[in-house]
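Reader: I have a model open and want to go through it piece by piece. Can you take my questions as they come?

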Amino acid sequence: MDNWFKSVWFIRIISLLLAGLLWVTVNVDNNMDSDSLFFNETSSESETMENIPLEIRFDSEEYVVSGIPQDVTVTVEGPAGAVAPVSRQKNFNVFVDLNDLGPGTHEVSLQHSGISSQLAVSLEPKIIEVEIEEKTTENYDVSIDYANENNLDTSLELGTPKVSPAQVEITGAASVVERVASVRAIVDVGAAEGTVEQQEAPVKVYDNQGNELNVLVEPAAVDVSVPVSKRTKEVPVTPEASGGTQEGVLIEEVTTEVENVTYQGPEEVLAGIEEPVEIPVDVTEVTEDQVIDVEVPLPDGTTAVSPETIEVTIDVLDDQQGE
């Protein structure tokens, strides 16, 4: 055995075996690292992102564009290390560029920017059809609509509203602006107990079929004041002698210079007041011509009358004069 260790050939063989073992060990490690690297570089992930805003690039001073979806779906595929930040941060843009196009109908492709070139990108939709029209602006008067008017106290009535500003600018595609039939602001009067002061009311634009139009309104809201007052009705009055007269006294005439009085009350009550209103004048104590104040009666359901009393002239004709 000692002779083997002293043999040159034995030592060479052992050295060769050790060298071979070292080479195998190093190559196995390198191959493992290479396989791992290869796997990491070639492994692919896919991520779909919905509701990504679509940017429109066009001359907004001259044109109006329709047919553009508000958002799109974006799918990216590639190395996991590149997919993850795009999916997480969404710091990219999807846009359609219309700057070189004029009025008319066009099919255009969606584009994107800010996404790594390592990733394959798929957009849905890929192509959209857009309508480009020239923009126009017109001025229109604002009319008033009342919300919850049925809830308004029936003893109240609405006066003529005041709108500020009285006109608004309507801007949109020429074909749409041509369809404008009415421009209306809505005021809620359901809970009104007195004049509505400077209520901000949104402005809506409609065609002649009552469809709301997609246009730009400037200003988008107006200030509206609506007079709210007690509901009234003016009716004629006629005085009538009532009660028996004293013996030998005849009433020649009962007159007043007041022609009309004004009642307050709910609409249905005022509508039911018969005209003229007879005002009874008690003449049981009358013996000679005189002028008296007489209360104006309140029909059932009315809340007030103006004037509350009227001046009545009673002319007397006694029996002797009559004979």
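Reader: Leaving aside its neighbours within four places in sequence, which residues is Val226 in contact with?
Author: In this predicted model, Val226 is in contact with Tyr146, Leu158, Gly159, Pro161, Val187, Thr195 and Val196.

Reader: Is Val226 buried or exposed?
Author: Val226 is buried: its relative accessible area is 0%. The cut-off for buried is under 20%, so Val226 qualifies.

Reader: Which strand is Val226 found in?
Author: Strand S16. That strand covers residues 221–226.

Reader: And how far is the C-alpha atom of Val226 from that of Ala192?
Author: The two C-alpha atoms are separated by 9.7 Å, while the residues are 34 apart along the chain.

Reader: Next, the largest nonpolar core. How many residues does it have?
Author: There are 26 residues in that core. Those with the most contacts inside it are Val168, Ile170, Val183, Val187, Val205, Val222 and Val224.

Reader: Which elements give two or more residues to it?
Author: S12, S13 (182–188), S14 (196–206) and S16 (221–226), every one a strand. The largest share comes from S14, with four residues.

Reader: What does Val222 touch, not counting residues up to four places away in sequence?
Author: Val222 touches Val142, Val163, Ser164, Pro165, Val168, Ala185, Gln199, Glu200, Ala201 and Val203. Val168 is also on the list of residues with the most contacts inside the core.

Reader: Which residues does the second, separate core include?
Author: Met49, Ile52, Ile68 and Val96 are among them, in a core of 23 residues.

Reader: Back out to the whole protein. How many helices and strands are there?
Author: Six helices and 24 strands.

Reader: What percentage of the residues is buried?
Author: Of the 323 residues, 28% are buried.

Reader: And what share of the contacts with a separation of 6 or more comes from residues 24 or more positions apart?
Author: Such pairs account for 71% of those contacts.

Reader: Pockets now. How much space lies in the largest pocket?
Author: About 320 Å³. The lining has 17 residues, and Val64, Val65, Gly172, Ala173 and Asn214 lie nearest the centre of the pocket.

Reader: Which elements give two or more residues to that lining?
Author: Three strands do: S2 (63–66), S8 (127–141) and S12 (167–173). S2 gives the largest share, four residues. S12 also gives two or more residues to the largest nonpolar core.

Reader: How do the lining residues divide into nonpolar, polar and charged?
Author: Nine are nonpolar, five are polar and three are charged.

Reader: Different spot. Which side chain has a polar contact with that of Lys233?
Author: That of Glu275, at 3.5 Å. Lys233 is in strand S18, residues 232–242. Apart from neighbours within four places in sequence, Lys233 is in contact with Val261, Thr262, Tyr263, Leu270, Ala271, Ile273 and Glu275.

Reader: What about His106, where does it lie?
Author: In strand S5, residues 104–109. A polar atom of the His106 side chain lies 2.8 Å from the backbone oxygen of Gly102. With neighbours within four places in sequence left out, His106 is in contact with Leu101, Ile128, Glu129, Val130 and Ile132.

Reader: I also want the backbone oddities. Which residues does a cis peptide bond join?
Author: One joins Glu124 and Pro125, with omega about 5°. Another joins Ser306 and Pro307, with omega about -5°.

Reader: Where are Pro125 and Pro307 placed?
Author: Pro125 is in the loop between strand S7 (120–124) and S8. Pro307 is in the loop between strand S23 (304–306) and strand S24 (309–318).

Reader: Which residue has a phi near 60° without being a glycine?
Author: Asn51, which has a positive phi near that value. Asn51 is found in strand S1, residues 45–57. Asn51 is exposed, with a relative accessible area of 55%.

Reader: What is the phi of Lys90, and where does that residue lie?
Author: Lys90 is not a glycine either, and its phi is positive, about 50°. Lys90 lies in the loop between helix H3 (80–89) and strand S4 (93–97). Its relative accessible area is 41%, so Lys90 is partly exposed.

Notes. Residues are numbered from 1 along each chain as its sequence is written. This is a predicted model: local features need pLDDT of at least 70, side-chain atom pairs count only at pLDDT 80 or more; totals for chains, interfaces and linings use all residues. Side-chain values use heavy atoms; hydrogens and water are left out. On a 1 Å grid over the protein atoms alone, a cavity is a set of points where a 1.4 Å probe fits but cannot get out, and a pocket is an open set with protein on both sides within 12 Å along at least five of seven lines; lining residues have an atom within 4 Å of a point. Grid points are joined across faces, edges and corners, and a volume is the space filled by probe spheres set on the points. Ala, Val, Leu, Ile, Met, Phe, Trp, Tyr, Cys and Pro count as nonpolar, Asp, Glu, Lys and Arg as charged, and the others, Gly among them, as polar. A polar contact is a pair of N or O atoms within 3.5 Å; within protein, one must be able to donate a hydrogen and the other to accept it, and residues adjacent in sequence count only if both atoms are side-chain atoms. Contact means heavy atoms within 4.5 Å. A nonpolar core is a set of buried Ala, Val, Leu, Ile, Met, Phe, Trp, Tyr and Cys residues joined through side-chain atoms within 4.5 Å. Buried means under 20% relative accessible area, exposed over 50%, partly exposed in between (1.4 Å probe, protein chains only).
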